[in-house]
Amino acid sequence: MIPVLLPDTICYDDACHLKKFALNPKRSDLTATSKKMSQMHMVCDKFHFKNHVDAWCKKHCNPYTCANLKV
């Protein structure tokens, strides 16, 4: 099996929808890639985050609270 090489954190303008998609139990364990993606940190990029108003997005995709981005 080829190892899946992906970063630990993804910054993406629509990370809230990508994260919900990746966490969906119907697909999160289908492949090694989908499993890795379901375990990754996904945050909105800082430029787009100000436009996200959903409480779930603010709680789970906030780039200002992501420890991986503080380095």
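The legends below describe close-up views of a predicted model of a single chain.

**Figure 1. Overview of the chain and its secondary structure.**
The chain contains 4 helices and 2 strands, arranged along the sequence in the pattern β-α-α-β-α-α. The C-alpha trace spans about 40 × 30 × 15 Å along its principal axes. Of the 71 residues, 30% count as buried. The accessible surface comes to about 5,200 Å², and 60% of this area belongs to carbon and sulfur atoms. There are 11 positive and 6 negative side chains, with the centres of the two sets 5 Å apart. Among contacts with a separation of 6 or more, 58% join residues 24 or more positions apart.

**Figure 2. The largest nonpolar core and the surroundings of Cys-44.**
The largest nonpolar core has 10 residues. Four of the residue types in the core are represented by Ile-10, Ala-15, Met-40 and Phe-49, and the set also includes Cys-16, Ala-22, Met-42, Cys-44, Cys-57 and Cys-61. Helix H1 gives the most to this core, with 3 residues. Core member Cys-44 is in contact with Ala-15, Cys-16, Phe-49, Cys-57 and Cys-61, and also with Tyr-12, Asp-13, His-52 and Pro-63, leaving aside neighbours within four places in sequence.

**Figure 3. Cys-57 in helix H4.**
Cys-57 counts as buried because its relative accessibility is 2%, under the 20% limit. Not counting residues up to four places away in sequence, Cys-57 touches Cys-16, Cys-44, Phe-49, His-52 and Asn-62. A C-alpha distance of 8.6 Å separates Cys-57 from His-17, although the two are 40 residues apart in sequence.

**Figure 4. Lys-59, an exposed residue of helix H4.**
Lys-59 belongs to helix H4, as does Cys-57. The relative accessible area of Lys-59 is 65%, so the residue is classed as exposed; the limit for that class is over 50%. Between Lys-59 and Cys-16 the C-alpha distance is 9.9 Å, for a sequence separation of 43 residues.

**Figure 5. His-52 in the loop between helices H3 and H4.**
His-52 is placed between helix H3 (46–49) and helix H4 (55–60). With a relative accessible area of 13%, His-52 is buried. The His-52 side chain reaches the backbone oxygen of Asp-13 at 2.9 Å. Asp-13 is also one of the residues in contact with His-52 when neighbours within four places in sequence are left aside; the others are Asp-14, Cys-16, Cys-44, Cys-57 and Lys-58.

**Figure 6. Ser-34 in helix H2 and its backbone partners.**
Helix H2 covers residues 32–39 and includes Ser-34. Ser-34 counts as buried because its relative accessibility is 17%, and the class requires a value under 20%. A polar atom of the Ser-34 side chain lies 3.1 Å from the backbone oxygen of Arg-27. The backbone oxygen of Ser-28 lies 3.5 Å from a polar atom of that side chain. Apart from neighbours within four places in sequence, Ser-34 is in contact with Arg-27, Ser-28 and Asp-29.

**Figure 7. Leu-18 in helix H1.**
Leu-18 sits in helix H1, which runs over residues 15–23. Its relative accessibility is 23%, so Leu-18 counts as partly exposed. Not counting residues up to four places away in sequence, Leu-18 touches Tyr-12, Met-37 and Met-42. Met-42 is a member of the largest nonpolar core. The C-alpha atoms of Leu-18 and Val-43 are separated by 9.5 Å, with their positions 25 residues apart along the chain.

**Figure 8. Pro-7 in the segment before strand E1.**
Pro-7 precedes strand E1 (9–11). At 47% relative accessibility, Pro-7 counts as partly exposed. Pro-7 touches Lys-36 and Met-40, not counting residues up to four places away in sequence. Met-40 also belongs to the largest nonpolar core. Pro-7 and Asn-24 are 17 residues apart in sequence, and their C-alpha atoms are 20 Å apart in space.

Conventions
Residues are numbered from 1 along each chain as its sequence is written. This is a predicted model: local features need pLDDT of at least 70, side-chain atom pairs count only at pLDDT 80 or more; totals for chains, interfaces and linings use all residues. Side-chain values use heavy atoms; hydrogens and water are left out. Buried means under 20% relative accessible area, exposed over 50%, partly exposed in between (1.4 Å probe, protein chains only). Contact means heavy atoms within 4.5 Å. A nonpolar core is a set of buried Ala, Val, Leu, Ile, Met, Phe, Trp, Tyr and Cys residues joined through side-chain atoms within 4.5 Å. A polar contact is a pair of N or O atoms within 3.5 Å; within protein, one must be able to donate a hydrogen and the other to accept it, and residues adjacent in sequence count only if both atoms are side-chain atoms. Accessible areas come from the Shrake-Rupley method with a 1.4 Å probe; for residues, only the protein chains shown count as cover. Lys and Arg count as positive and Asp and Glu as negative; His and the chain ends are not counted. The place of a charge is taken as NZ of Lys, CZ of Arg, CG of Asp or CD of Glu.
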